[in-house]
Amino acid sequence: MKTKYILSGALLSLLAASCTDLDVDIKSTYTEFPGSEIAFESKTADAYFAFRGALGRRFDEGNSCNSDEYTAISFGGDYLNGRDMANFSLHTISPSASDAQLGVYSELTSGITKCNQLLYVDLADLGGEDSELGAPVRAARAFYTFVLMDHWGDTPILDHIVADDEAIARSPRAEVARWIESELLAVRDKCPAPATQDASTYGKPTRWMVDALLAKLYINWPVYVNDVTSSSWTYGTNEKLADCIAACDDVIQHGPFDLSDDYVKKFQYNNGYKIKDFIYVMPFDCVNQQGLTYGRFRTWRQANKPGRMYDPAMSNSCGGNMALTPEFVELFNLPGDRRNDVILGGDIYILNGTTGEATSVRATYNDQPLTFTKTITLVTQDGDLDCGKDLNGWCQGYRSVKFAPYVPEYNSYSRNQSNDVPIFRFADIILMKAEAILRGGAATNGDTAVSLFNQIRSYVGAPTVESINLQDVEDERGREFLDEHWRRNDLIRFGHFERKWGFKEEFGSSDPRMRLWPLGQSTLNSNANWTQNAGY
């Protein structure tokens with residue numbers, strides 16, 4: 001378990017003075033806002049980390065199963081839950097059955113509300129939204145708005161304190177995209193631009209986070225300013241490619257990031273600000289920053305039963321209902337690629353409960369050796385995606401151990417994990433710049449699409465190449481960002497969200513309107529003036 005002390009330099013100076021200078025104004029040690037930086041840290045943390053609960057489970061379930069990464073299987077009714085996750089896998093999301101996953105909408109708007117409280121109330125006498133203190137808060141607000149727009153399309157622009165009787169309207173998606181851009185450009189130069197990674201800015205919006213979000217916005221510009229739900233939509237011309245490259249260049253040239261971290265180790269429970277690839281992160285800790293439960297649903301269903309899968313053995317049960325699709329597993333076929341080591345399939349060997357890596361001891365269940373099948377076979381031919389409630393059913397599909405749990409923590413803290421989850425990484429900056437050049441943007445600083453692409457291949461030990469196309473970039477992004485919630489975004493941008501994978505063709509939908517999520521029933525109930533997204 002890691003313990004983080006995320007205090008700013010100013011706060012550390014304040015604390016040092018309070019310990020050594022007997023003449024210091026006693027008011028400096030008060031915990032009331034705005035006179036105390038301790039209180040300010042507490043208030044901003046509440047706003048910055050408002051996404052933690054959603055990212056730790058429900059947002060992950062929806063995004064991961066909505067892409068070609070996962071099929072949400074069940075076992076004779078076990079983990080069916082009204083098809084809540086299967087709906088995402090089949091692109092037939094139900095606003096009522098999947099309300100738990102879709103309910104992350106309210107968690108994101110709650111984060112925006114907390115940002116607005118800071119900007120227009122707590123910081124009102126300190127410069128408000130135009131101050132340097134307010135700049136990272138506005139960046140966080142823009143990020144939450146981006147996530148809403150990316151998944152639900154038309155989204156309210158909540159740039160003020162909402163009155164109790166105010167009817168909030170959803171703004172057109174293109175208008176929201178332009179507002180996000182204007183916000184980020186307004187605050188970029190005011191946000192901290194740390195020259196090194198340290199605890200004081202870890203998990204908080206910085207200039208580098210703003211650049212990364214701008215690059216993400218720009219590479220998807222044709223998705224956001226056109227009707228992506230139309231069957232005739234294509235990526236076409238992107239007027240923002242030069243801006244995307246410029247945002248990437250700012251991070252590459254001036255940020256304190258590199259690709260020196262081992263691919264497997266940087267996602268483990270003891271990661272943190274020392275990881276040089278992480279630009280913007282959601283910190284988790286099994287005791288103090290709870291909510292991350294990726295291991296629960298990605299680990300084999302009977303991992304806590306006789307024969308065990310981890311050493312030491314798990315004591316809390318696992319869901320095991322998130323199985324990698326055979327189509328996605330095929331991406332992990334490059335010789336020497338370190339990323340292959342996060343895919344668990346075929347004959348299974350007991351995993352080290354600290355590192356998540358395989359030992360030489362065969363894993364068994366009731367003395368039967370475990371073998372996971374790449375192909376997923378159902379026992380009922382319907383949207384339940386039922387594999388059967390037996391050893392054969394539980395072994396359907398390969399699994400991901402990218403965010404492997406540290407088993408002693410998993411056992412002691414109700415399945416909570418301490419793996420910090422990156423939102424923006426330096427590797428993403430490299431691949432977005434490569435893609436932007438490949439799509440027609442002007443190359444800069446001696447980089448080419450191929451040279452950038454090969455930076456990724458080299459750091460994971462995979463073969464380098466002499467030429468690439470857009471499909472190569474899409475596939476590389478799949479390998480690199482498994483479990484990081486960008487795959488749905490990528491598939492839509494590349495025009496492949498309706499491509500065949502899993503069981504969509506048999507039991508699901510290929511309606512392009514499914515490129516947007518529906519509003520959950522609880523969200524509609526709370527906003528009676530809103531209408532459901534088309535197609536649901």
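Arginine 499 touches Asp68, Gln471, Glu474, Arg487, Leu491 and Lys504, once residues up to four places away in sequence are set aside. With one of these partners, aspartate 68, the arginine 499 side chain makes a polar contact of 3.3 Å, side chain to side chain. Keep in mind as you look around that this is a predicted model. The chain averages a pLDDT of 93, and 93% of the residues score at least 70. One stretch asks for more caution: over residues 4–30 the pLDDT is below 50, and beyond near neighbours in sequence this stretch has 28 contacts in the model.

**Arginine 499 in its loop**

- You will find arginine 499 in the loop between helix 20 and helix 21 (504–507).
- Is arginine 499 buried, exposed or partly exposed? Its relative accessibility is 29%, so it counts as partly exposed.
- Serine 412 is 87 residues from arginine 499 in sequence, and the two C-alpha atoms are 42 Å apart in space.

**Aspartate 483, another loop residue**

- Aspartate 483 sits in the loop that links helix 19 (470–480) with helix 20 (487–493).
- Because its relative accessibility is 0%, aspartate 483 counts as buried; the cut-off for that class is under 20%.
- Which side chain joins that of aspartate 483 in a polar contact of 2.6 Å? The partner is tyrosine 70.
- Apart from neighbours within four places in sequence, the contacts of aspartate 483 are Glu69, Tyr70, Tyr294, Arg298, Ser400, Lys402 and Phe403.

**The nonpolar core and helix 8**

- In soluble globular proteins, nonpolar side chains tend to be buried together.
- Here the largest nonpolar core has 158 residues, and Phe51, Phe143 and Phe424 are the ones with the most contacts inside it.
- Helix 8 (residues 134–152) gives the most to this core, contributing 12 residues.
- All of helix 8 is out of reach of solvent by the burial criterion: 19 of its 19 residues are buried, so the helix is largely enclosed by the rest of the structure.
- From first C-alpha to last, helix 8 reaches 27 Å with its 19 residues, close to the 27 Å expected at 1.5 Å a residue.
- Glycine 153, just after helix 8, takes a positive phi of about 80°.
- Phenylalanine 424 is in contact with Phe143, Met209, Ala212, Leu213, Lys216, Asp277, Phe278, Ile279, Tyr280 and Trp486, leaving aside its neighbours within four places in sequence.

**Helix 12 and its cover**

- Why does the length of helix 12 (residues 241–254) agree with expectation? At 1.5 Å a residue its 14 residues should span 20 Å, and its end C-alpha atoms are 20 Å apart.
- The buried residues of helix 12 are Leu241, Cys244, Ile245, Ala247, Cys248, Asp249, Asp250 and Val251.
- Among the elements covering those buried residues are helix 10 (207–219), strand 2 (278–282) and helix 17 (426–438).

**A three-stranded sheet**

- Three strands make up an open sheet in the order 3-7-8, with mixed pairing.
- Strand 3 (310–311) and strand 8 are the edge strands, each pairing on one side only.
- Strand 3 and strand 7 run parallel and are joined by 2 bridges; aspartate 311 stands opposite asparagine 352 in strand 7.
- In which sense do strand 7 (residues 349–352) and strand 8 (residues 358–362) pair? They are antiparallel, over 2 bridges, and leucine 351 stands opposite alanine 358 in strand 8.
- Strand 7 and strand 8 form a hairpin with 5 residues between them, and glycine 356 in the turn has a positive phi of about 80°.

Conventions
Residues numbered from 1 in each chain as written. Heavy atoms only, no water. pLDDT = per-residue confidence, 0-100. Contact = heavy atoms within 4.5 Å. Core = buried A, V, L, I, M, F, W, Y, C linked by side-chain atoms within 4.5 Å. Buried < 20%, exposed > 50% of the residue type's maximum accessible area, 1.4 Å probe, protein only. Helix = DSSP H or I, 4+ residues; strand = E, 2+ residues; numbered from the N terminus. Polar contact = N/O pair within 3.5 Å; in protein donor to acceptor, adjacent residues only side chain to side chain. Expected span 1.5 Å × (residues − 1). Pairing = 2+ DSSP bridges.
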